[in-house]
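Biologist: I should like to learn how features of a structure are read from its coordinates. May we take them one at a time?

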Amino acid sequence: MLYPLSYEGRGSQVTGPGLRPSWSRVRRMRAGGTAIDHVRSIADTEPVPCESSELFGDFDAYYRITEDPVMRRIECAVTGSDYGASSNTTRDEADRLASLLGLAPGKLLLDFGSGAGWPGIHLARTTGCALVLTDVPLEGLRRARRRMWEEDVSGAAIAASAALLPLRDAVFDAVTSSDVFC
Amino acid sequence: MLRACNRVLKPGAPLAFYVVAVSDGLSSGDTARAIEAGPPHVDARASYRELVEAAGFVDVEVVDVTDDYAATMSKAIRMRGEASVELGELIGSDRYVEGQASRRRELDAIRGGLLRRFLISTARP
């Protein structure tokens with residue numbers, strides 16, 4: 001199941017808070033031929049209900065709570081993140097990923113099970129790489145999309161199961177996740 | 001998931017991830033206790049090195065970061081304890097108490113050797 005949320009390039013306009021991408025923007029992006037252009041082009045799919053997202057109602061409630069100042073204060077103190085993250089990954093551990101993955105401008109990173117974007121957005125912001133986030137809970141992806149825009153990070157946030165990544169073969173320069181695998 | 005990661009990576013490109021896992025070599029009772037205390041996705045079907053290699057990856061390196069996991073969990077419990085009044089108002093006292101108890105069970109399982117956390121790095125051939 002694919003449930004595209006947004007496709008926003010560095011310096012471009014936000015498509016809006018709704019779940020449907022701007023079809024005119026998608027058509028413009030399809031003219032490109034790079035890997036990131038191709039990843040963006042999969043947004044040219046009519047949004048469909050993501051059945052498994054119904055199983056994540058608790059996550060949606062969780063993400064709403066994480067915006068409270070006390071939750072942000074605790075998260076910052078514990079991991080150094082302020083993304084509303086549920087993983088145990090600290091800032092030092094995130095920076096270790098950047099080194100292991102060889103992230104740099106021009107590279108394309110996939111962070112699956114991304115939640116609200118920690119540590120994927122941090123990695124993209126600090127290294128200059130482009131980013132694709134995937135997860136099922138929509139509330140986290142909405143926050144991630146907003147944060148990508150605020151941090152001027154190039155990339156996409158897609159609602160999709162990690163086991164059925166709706167992405168073309170051999171397009172990513174690196175893949176990561178934090179406390180997701182089973 | 002690992003096979004999907006392999007498919008979307010360019011040849012030679014890296015995968016690196018953190019994961020919580022049940023310790024190897026536990027009795028069935030301790031394995032059940034680890035799964036009960038651990039995060040929702042934790043499982044004990046096979047070692048992650050084996051899973052990663054079975055998905056077609058090479059040059060697998062596994063670093064044990066369990067001490068950091070314990071330190072992070074301990075700090076989370078302490079910070080939430082210091083904000084108990086605010087959290088009780090935000091999420092309700094019952095849910096706050098339940099959450100703290102769950103984190104303490106997880107920390108006990110980490111310190112008791114039932115749960116571990118790894119940084120796994122590898123690459124597509």
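Biologist: Where is the place of A:Gly128?

Modeller: In this predicted model, A:Gly128 lies in the loop that runs between helix H6 (120–127) and strand E3 (130–135) of chain A.

Biologist: Is A:Gly128 buried, exposed or partly exposed, and why?

Modeller: One counts the other C-beta atoms within 10 Å, where 20 or more would make a residue buried and 12 or fewer exposed. A:Gly128 has 15, and is therefore partly exposed. Leaving aside neighbours within four places in sequence, A:Gly128 is in contact with A:Ala104 and A:Pro105. By contrast, 23 Å separates its C-alpha atom from that of A:Ala159, 31 residues apart along the chain.

Biologist: Which residues of H4(A) are buried, and where do they lie around the axis?

Modeller: The buried residues in H4(A) are A:Met71, A:Ile74, A:Glu75 and A:Val78. They are on the same side of the helix because the arc they cover around the axis is only 100°. After H4(A) comes A:Gly80, with a positive phi near 85°.

Biologist: How many residues of chain A are in contact with chain B?

Modeller: The size of an interface is often given as the accessible area lost when the parts come together. Here the description is by contacts: 35 residues of chain A touch 34 residues of chain B. On the side of chain A, helix H4 (69–78), helix H5 (91–101) and strand E5 (174–178) each give two or more residues. By class, that side has 21 nonpolar, eight polar and six charged residues.

Biologist: In what sense do E5(A) and strand E1 of chain B pair?

Modeller: E5(A) and E1(B), residues 14–22, pair in the parallel sense over four bridges. A:Thr176 has B:Ala16 as its bridge partner in E1(B).

Methods. Residues are numbered from 1 along each chain as its sequence is written. Chains are lettered from A and ligands numbered from 1 in the order in which they are written. This is a predicted model: local features need pLDDT of at least 70, side-chain atom pairs count only at pLDDT 80 or more; totals for chains, interfaces and linings use all residues. Two residues are in contact if their C-beta atoms, placed from the backbone, lie within 7 Å. Ala, Val, Leu, Ile, Met, Phe, Trp, Tyr, Cys and Pro count as nonpolar, Asp, Glu, Lys and Arg as charged, and the others, Gly among them, as polar. Two strands pair if DSSP finds at least two bridges between them. The arc is that of the directions from the helix axis to the C-beta atoms.
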